[in-house]
Amino acid sequence: MVSYILRRILATLPVMAIVALFVFSLLYIAPGDPAVVIAGDQASPADVERIRQSLGLDRPFLVQFGSWLWHILHGDLGTSIFTSLPVSTLIAQRIEPTLSLMVLTLLLTILVAVPLGVVAAWKAGSWLDRTIMTFAVFGFSLPVFVVGYVLAYVFALKFEWLPVQGYTPLSEGFWPWLQNLILPAVALGCVYIALIARITRASMLEVLQQDYIRTARAKGLGMRNILFVHALKNAAVPIVTVIGIGIALLIGGAVVTESVFAIPGLGRLTIDAILRRDYPVIQGIVLLFSFLYVLVNLMVDVVYTLVDPRIRY
């Protein structure tokens, strides 16, 4: 197991190197001269040159990339052009809302989607199965922002049960923290609940046809024991894989959700940085999201080896 994990970690290093090169190249991929875009139309040539020097754009590309990568390896993500604050400080200020939203959405997704998929497979072909799959189709088809606006109108504006926007830190109390995240988590989780429920149903249907399941039924084991102990355990490989992919996709979904519900997280910070052409902030956030994506995939590979007995180290 240890050697397998080490091999997987080493395999991610070239991926992160390519990602770092792409993130740094954002300055050159963006249309126009970044210094001119940042300085604005009224800036003088001296102002543009000063910005070019502050960004290091007057040096060769490889020199710039090497210097930037060296600072990244030492934990320096650069300095925001507009706030003059370190990018790492800005990320630290905004990371709690985003992590809170992602964790709550993930918990909600697993607690709802997996039982729904198991029940749908158990009652395959019944009205209950068709109802769950109909919900899955709608949940997978509706965009996150549409679900968010509907939930905000019904539960926040019409009934006034929950706040419509904002975020309360966990340090100020669990219930105020949870109140602000219920609607965003449901809006963001709908598509993943639908996806995981469908995958769980398909995987469970295949497992429920196996001989050892018929043997367990013949022995008189309870249906709950058969479904959640014997069948679900052996159907877990594709489910775990999809959950891992869903975690990675939550990163992108959080940007839209935070915009709809005005949550001051990394998603809002990303949009603000793009609108202001704050390239160091954009680079830092994209690099962080990319690292999280690679880390999640590495964790999925490790969990995959634990749940699949066919894997040999």
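**Close-up views of the predicted model**

**View 1. Helix 6 supplies 4 residues to the lining of the second largest cavity, and this is the largest share.** The model shown in every view is predicted. The second largest cavity has a volume of about 30 Å³. Its lining consists of Ile95, Thr98, Leu99, Met102, Leu266, Leu288, Phe289 and Leu292. Two elements, helix 6 and helix 14 (279-307), give two or more residues each to this lining. By class, 7 of the lining residues are nonpolar and 1 is polar, with no charged residues.

**View 2. The largest cavity has a volume of about 50 Å³.** Thr105, Leu106, Thr109, Tyr192, Ile196, Ile243, Gly246, Ile247 and Leu250 form the lining of the largest cavity. At least two of these residues come from each of helix 6 (87-122), helix 9 (174-207) and helix 12. Which helix gives the most to the lining of the largest cavity? Helix 12 does, with 4 residues. The classes in this lining are 6 nonpolar and 3 polar residues, and no charged residues. With a threshold of 30 Å³ or more, the model has 2 cavities.

**View 3. Helix 12 runs over residues 236-260 and bends at Gly252.** The helix has 25 residues, and its first and last C-alpha atoms are 34 Å apart, close to the 36 Å expected at 1.5 Å a residue. The bend at Gly252 is about 35°. Just after helix 12, Ala262 has a positive phi of about 50°.

**View 4. One salt bridge, between Arg201 and Asp129, is found in the model.** The closest N and O atoms of Arg201 and Asp129 are 2.7 Å apart. Arg201 belongs to helix 9 and Asp129 to helix 7 (residues 127-141), so the pair ties together parts that are 72 residues apart in sequence. Side chains of opposite charge can pair when their charged atoms come close.

**View 5. Two of the spans that UniProt lists as "transmembrane region" are residues 99-122 and 235-261.** The UniProt entry is unreviewed, and it also lists residues 9-30, 134-157, 177-197 and 281-307 under this name. In the model, residues 99-122 are 100% helix and 0% strand, with 34 Å between the end C-alpha atoms. How much of the span of residues 235-261 is helix? The model gives 93% helix and 0% strand over residues 235-261, and the end C-alpha atoms of this span lie 36 Å apart.

**View 6. The whole protein is shown for orientation, with 14 helices and 0 strands.** Along the sequence, the pattern of elements is α-α-α-α-α-α-α-α-α-α-α-α-α-α. The box filled by the C-alpha atoms of the protein is roughly 85 × 55 × 35 Å along the principal axes. Helix 12 can be found here by its residues, 236-260, and helix 7 by residues 127-141.

Definitions and conventions. Residues numbered from 1 in each chain as written. Predicted model: local features only at pLDDT ≥ 70, side-chain atom pairs only at ≥ 80, totals over all residues. Heavy atoms only, no water. Expected span 1.5 Å × (residues − 1). Bend = angle between axes of the 7 residues up to and from the residue. 1 Å grid on protein atoms, 1.4 Å probe; cavity = no way out; pocket = protein on both sides within 12 Å on 5 of 7 lines; lining within 4 Å. Points joined across faces, edges and corners; volume = space filled by probe spheres on them. Nonpolar A, V, L, I, M, F, W, Y, C, P; charged D, E, K, R; others polar. UniProt positions renumbered as here; feature names shortened; annotations may be inferred. Salt bridge = Lys/Arg side-chain N within 4 Å of Asp/Glu carboxyl O.
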